Amino acid sequence: MTSGEAELTTTEDKTAKARLISGPGMLLVWFYGVMVVGAVSRSVYQIATDFDRAPLAYALSAVAGVVYGFITYSLVRGGERARRAALVCCAAELAGVLTVGTWTLVDPSAFPDSTVWSDYGLGYVFIPVLLPLTALYWLRRARATVTP
């Protein structure tokens with residue numbers, strides 16, 4: 001490979017990575033960043049002060065925060081591998097929201113306190129269910145513009 005080809009590949013890589021956070025992608029990064037702060041701070045406080053009251057709920061909120069953090073990192077990192085990783089995480093996030101949301105409606109006694117994903121994210125204005133749907137759409141759409 002010549003230096004010109006290497007330079008072109010580097011430029012293409014930077015362009016591909018930047019595309020995940022351009023336009024609507026930047027809004028997704030912002031929303032996921034806010035959700036990281038909300039979920040992590042909530043779970044850390046609850047785990048530190050009252051873990052015995054609802055360990056499953058507080059642990060699920062911590063897991064949600066970690067998932068949000070990984071998705072945020074993947075969107076910022078960019079590139080095809082990061083896009084695919086974010087796609088898988090968003091699908092897992094959506095499955096978690098739907099599972100926990102349904103579980104909290106069917107058996108409210110299983111969760112003495114709410115999680116980030118309780119009632120499909122009612123406590124967070126339904127952002128936990130809308131965010132992965134939007135991100136999945138964006139990431140599938142970005143596939144055409146991101147080079148492998």
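In the predicted model, Phe 111 is placed in the loop between H4 and H5. Its relative accessible area is 7%, which lies under the 20% limit, and Phe 111 is therefore buried. When neighbours within four places in sequence are left aside, the contacts of Phe 111 are with Leu 56, Ala 57, Leu 60, Val 100, Trp 103 and Thr 104. One of these partners, Leu 56, is 55 residues away from Phe 111 along the chain, yet the C-alpha atoms of the two residues are separated by 7.3 Å. Two further residues of the loop between H4 and H5 were examined for their backbone geometry, namely Asp 119 and Val 125. Most residues other than glycine have a negative phi. Asp 119, by contrast, has a positive phi, near 50 degrees, and Val 125, which is likewise not a glycine, has a positive phi of about 60 degrees. With a relative accessible area of 27%, Asp 119 falls between the limits of 20% and 50% and so counts as partly exposed, whereas Val 125, at 64%, is over the 50% limit and therefore counts as exposed.

The loop that holds these residues belongs to a protein of five helices and zero strands, and the order of elements along the sequence follows the pattern α-α-α-α-α. Of the 148 residues of the protein, 39% count as buried, and the accessible surface comes to about 8,200 Å², with 68% of that surface belonging to carbon and sulfur atoms. Among contacts between residues at least 6 apart in sequence, 71% join residues that are at least 24 apart.

The packing of the helices was then considered pair by pair. The axes of H2 and H3 come within 8 Å and cross at roughly 155 degrees; because this angle is over 145 degrees, H2 is roughly antiparallel to H3. The crossing of H2 and H3 is left-handed. For H3 and H4, the axes come within 9 Å and cross at roughly 155 degrees, and these two helices are therefore also roughly antiparallel to each other. The crossing of H3 and H4 is left-handed as well. On the side of H3, the contact with H4 is made by Leu 56, Leu 60, Val 67, Tyr 68, Phe 70, Ile 71, Ser 74 and Arg 77, while H4 contributes Ala 82, Ala 85, Ala 86, Cys 89, Cys 90, Glu 93, Val 100 and Trp 103. Among the residues of this contact, Leu 56, Leu 60, Val 100 and Trp 103 are also contact partners of the loop residue Phe 111.

The largest nonpolar core contains 33 residues, of which Tyr 32, Tyr 68, Val 116 and Leu 139 touch the most other members. At least two residues of this core are supplied by each of helix H2 (24-50), helix H3 (55-77), helix H4 (80-106) and helix H5 (127-142), and H3 gives the most, with eight residues. The surroundings of Val 116 were examined in further detail. Leaving aside neighbours within four places in sequence, Val 116 is in contact with Met 35, Ala 39, Arg 42, Ser 61, Ala 64, Tyr 68, Gly 121, Tyr 124 and Pro 128. One of these partners, Tyr 68, is itself named among the core residues that touch the most other members, and Tyr 68 also takes part in the contact between H3 and H4.

Two residues with polar side chains were also examined within the helices. Thr 72 is found in helix H3, and because its relative accessibility of 15% is under 20%, Thr 72 counts as buried. Not counting residues up to four places away in sequence, Thr 72 touches Val 29, Tyr 32, Gly 33 and Val 36. The C-alpha atoms of Thr 72 and Leu 28 are separated by 8.1 Å, although the two residues are 44 residues apart along the chain. Gln 46 is found in helix H2 and, with a relative accessible area of 10%, is buried. When neighbours within four places in sequence are left aside, Gln 46 is in contact with Phe 51, Tyr 58, Ser 61 and Asp 113. One of these partners, Ser 61, is also in contact with Val 116.

Definitions and conventions:
Residues are numbered from 1 along each chain as its sequence is written. This is a predicted model: local features need pLDDT of at least 70, side-chain atom pairs count only at pLDDT 80 or more; totals for chains, interfaces and linings use all residues. Side-chain values use heavy atoms; hydrogens and water are left out. A nonpolar core is a set of buried Ala, Val, Leu, Ile, Met, Phe, Trp, Tyr and Cys residues joined through side-chain atoms within 4.5 Å. Buried means under 20% relative accessible area, exposed over 50%, partly exposed in between (1.4 Å probe, protein chains only). Helices (H or I, at least four residues) and strands (E, at least two) are DSSP runs, numbered from the N terminus. Contact means heavy atoms within 4.5 Å. Accessible areas come from the Shrake-Rupley method with a 1.4 Å probe; for residues, only the protein chains shown count as cover. Axes are lines fitted to C-alpha atoms, for helices over the stretch in contact, and angles run from 0 to 180 degrees between N-to-C directions. Angles under 35 degrees count as roughly parallel, over 145 as roughly antiparallel, 65 to 115 as roughly perpendicular and the rest as oblique. A crossing is left-handed if the near helix is turned anticlockwise from the far one by less than a right angle, and right-handed if clockwise.
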